[in-house]
Amino acid sequence: MKIKRKVFSSLQWASAVQLAFKQGLDKTLKSLDELIASIDSLPTSGIPGQLRHNAAEEISTYQEKLQRQDFYQYSADFNSSLTSLQTLISNSVKELQLQQEKSIKQAQIEVTNHIDWNELTIEEKDQELGQFDSMALTVSYDISGLNALVAQEFNIGQKLKDVNVSVSRKAQEKRVQRIAEEKAKYEAEGKANQKIERNVTIPKRVTQKAELEQLIQKLQQLKGDLELNSEIEINLNFES
């Protein structure tokens, strides 16, 4: 009798599970497992890290119920867990989009603060800054959209490095051209042995950050010229 009751009980359990699956429980569990795996693969810092933290309790509750023998009775709870996680992800996407807009603006500001920035023409400056214009993504408010934004965060950082390298390269090319033109001019005037001169006025007092940055840029440009031609003579004129 005990064996019969056990078999009957097993058949009842299997029948109940099968019915729950027919009603969509299997799809809910699959969606939850895929979503949880995606959340677990997110970075542990920033907005993705906060999402992982916020989702931890919901995930733990789901996994605890899933281990119960009567897990099939929690279909409504599992659907609720799926909705809660999707809402957390949607909110994180919105936050990350706003953050990336700020990241792009900050990257453009960093480029304009490049020590060689003023060597570029207006057209060249617009071209360099324009490389960030297409980096703001429009994504869906789901895990795919979140993953796209996470990947884009790396791309923004890499683009900033590439643009900085481009600015440095263009500035170096301009220095080379400028020195070559100055040498040619001296030779044409019969002053081939005369050193190229640079005159720089140094203020007696600096009270503004912008003034200091401008002075540093001038000195940096002189440093770049000296690296190309050690014969350059720099005359420093100090304001009285």
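The paragraphs below lead from the overall layout of this protein to one pair of packed helices and then to a patch on the surface. The model is a predicted one, and residues are numbered from 1 along the chain.

Seven helices and two strands are the elements to look for, since the secondary structure of the protein comes to 7 helices and 2 strands. Followed from the N terminus, these elements run α-α-α-α-α-α-β-α-β. Of the 240 residues in the protein, 31% are buried, and the accessible surface comes to about 15,600 Å², with 50% of that surface belonging to carbon and sulfur atoms. When contacts with a separation of 6 or more are considered, 75% of them are accounted for by residues 24 or more positions apart.

A good place to look in more detail is the pairing of two helices. Two packed helices are described by the angle between their axes and by the distance between those axes. For α2 and α4 the angle is about 35°, and the axes lie 10 Å apart; the crossing of α2 and α4 is left-handed. On the side of α2, the residues that make this contact include Leu25, Leu32, Leu35 and Ile39, while on the side of α4 they include Ser75, Ser81, Leu82, Leu85, Gln86 and Ile89.

One residue from each helix helps to show what this pairing looks like from within. Leu35 is found in helix α2, which covers residues 25-40, and Leu35 counts as buried because its relative accessibility is 9%, where buried means under 20%. Apart from its neighbours within four places in sequence, Leu35 is in contact with Leu82, Leu85, Gln86, Ile89 and Ile143. Leu35 can also be set beside Asp142, for the two are 107 residues apart in sequence and yet 9.7 Å apart in space, taken from C-alpha to C-alpha. Ser81, in turn, has its place in helix α4, residues 75-112, and at 6% relative accessibility Ser81 is buried as well. Leaving aside neighbours within four places in sequence, the contacts of Ser81 are with Leu32, Glu58 and Tyr62.

The surface offers another view. Helix α7, made of residues 209-228, holds Leu212, a residue that is partly exposed because its relative accessible area of 42% falls between the limits of 20% for buried and 50% for exposed. Together with Val206 and Ile216, Leu212 makes a nonpolar surface patch of about 220 Å².

Technical notes: This is a predicted model: local features need pLDDT of at least 70, side-chain atom pairs count only at pLDDT 80 or more; totals for chains, interfaces and linings use all residues. Side-chain values use heavy atoms; hydrogens and water are left out. Patches are made of residues with over 30% relative accessible area and no salt bridge: like charges are joined within 9 Å, nonpolar side chains (Val, Leu, Ile, Met, Phe, Trp, Tyr) within 5 Å. Accessible areas come from the Shrake-Rupley method with a 1.4 Å probe; for residues, only the protein chains shown count as cover. A salt bridge is a side-chain nitrogen of Lys or Arg within 4 Å of a carboxyl oxygen of Asp or Glu. Helices (H or I, at least four residues) and strands (E, at least two) are DSSP runs, numbered from the N terminus. Buried means under 20% relative accessible area, exposed over 50%, partly exposed in between (1.4 Å probe, protein chains only). Contact means heavy atoms within 4.5 Å. Axes are lines fitted to C-alpha atoms, for helices over the stretch in contact, and angles run from 0 to 180 degrees between N-to-C directions. A crossing is left-handed if the near helix is turned anticlockwise from the far one by less than a right angle, and right-handed if clockwise.
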